[in-house]
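Me: Hello! Could you walk me through this structure and tell me how each label is earned?

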Amino acid sequence: MQSDQTKWNLKYKENPAPSEPLQLLTQYIPKPPKNAKALDLACGMGRNSRFMRDCGFYVESVDISDFAIASLQNESNIKALCVDLDCFSIPPNHYDVICNSYFLERRLFPSIAKGLKKGGILIFETFAKSEKQSQNAFASDSAHLLHKNELLRAFLDLEILFYEETLIKRTKDSNSSLALVARLVAKAT
Ligand SMILES: C[S@@+](CC[C@H](N)C(=O)[O-])C[C@H]1O[C@@H](n2cnc3c(N)ncnc32)[C@H](O)[C@@H]1O
């Protein structure tokens with residue numbers, strides 16, 4: 001959506017994005033097989049893309065923010081594409097790793113699972129809905145929050161290697177608060 005692009009371009013221009021990769025990714029990234037390929041969905045400024053590339057993967061990175069995508073254009077072994085994931089198809093049986101970090105498009109769940117090659121690993125982490133309003137990352141738009149066990153259920157056709165719903169410290173506009181997140185690591189069998 002055009003409004004998402006405008007919103008995220010502005011965010012990235014005004015605030016530095018985190019450069020550390022997702023901890024879950026650093027813990028569970030597999031040893032890259034020959035011609036290893038990874039997909040970074042809604043890659044943002046590319047913290048996870050760069051990490052996967054440095055681990056030996058050729059990375060396809062997609063995001064709606066053309067500002068974020070431009071920042072990855074000259075990176076070796078990263079193919080960065082500006083796409084709207086509301087209408088994007090993931091090719092089946094194609095990736096050794098798929099990373100979905102702090103983005104939620106439920107329509108993509110089945111094609112994320114199918115997009116993994118046999119033995120491929122899914123790393124998925126994003127905000128979840130808490131019973132405590134203060135622990136919800138978005139007060140107004142709970143469509144962007146996972147429900148209890150929703151992520152786990154969505155990928156039960158894969159082998160679940162790790163799942164948790166836990167609180168993280170979140171800093172926004174120099175205020176810190178706790179937010180509930182769901183984390184999943186799963187393997188295509
Ligand atoms: C919270 S950021 C996460 C960025 C990155 N995955 C990370 O963890 O650093 C959410 C990202 O989703 C992207 N995004 C939002 N809506 C999108 C859409 N419809 N299609 C593609 N990307 C989208 C934004 O541009 C933004 O980069």
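Reply: Gladly! A residue counts as near a molecule if one of its heavy atoms lies within 4 Å of it. In this predicted model, 18 residues surround the ligand, and the closest are Y12, A42, R47, D63 and S101.

Me: What kinds of residues make up the shell around the ligand, by class?

Reply: The shell has 9 nonpolar, 4 polar and 5 charged residues. Among the helices, α1 (2-14) and α3 (47-54) each supply at least two residues of that shell, and α1 gives the most, with 3 residues.

Me: What makes the pair of S101 and the ligand a polar contact?

Reply: The cut-off for a pair of N or O atoms is 3.5 Å. An N or O atom in the side chain of S101 is 2.5 Å from an oxygen atom of the ligand, so the pair qualifies as a polar contact. The side chain of D84 passes too, with an N or O atom 2.9 Å from a nitrogen atom of the ligand. For A42, a backbone N or O atom lies 2.6 Å from a ligand nitrogen. Taken alone the ligand exposes 590 Å², and the protein buries 90% of that.

Me: Which pocket does the ligand take up?

Reply: The space taken by the ligand is the largest pocket.

Me: Why is the pair D96 and K117 called a salt bridge?

Reply: A side-chain nitrogen of Lys or Arg must be within 4 Å of a carboxyl oxygen of Asp or Glu. D96 and K117 meet at 3.3 Å, N to O, so the name fits. This pair links distant parts of the chain, with D96 in strand β4 (residues 95-101) and K117 in strand β5 (residues 116-127), 21 residues apart. The structure holds 9 salt bridges.

Terms used. Residues numbered from 1 in each chain as written. Predicted model: local features only at pLDDT ≥ 70, side-chain atom pairs only at ≥ 80, totals over all residues. Heavy atoms only, no water. Polar contact = N/O pair within 3.5 Å; in protein donor to acceptor, adjacent residues only side chain to side chain. Areas by Shrake-Rupley, 256 points an atom, 1.4 Å probe, with all protein chains shown as cover. 1 Å grid on protein atoms, 1.4 Å probe; cavity = no way out; pocket = protein on both sides within 12 Å on 5 of 7 lines; lining within 4 Å. Sits in = over half its atoms within 2 Å of the grid points. Helix = DSSP H or I, 4+ residues; strand = E, 2+ residues; numbered from the N terminus. Nonpolar A, V, L, I, M, F, W, Y, C, P; charged D, E, K, R; others polar.
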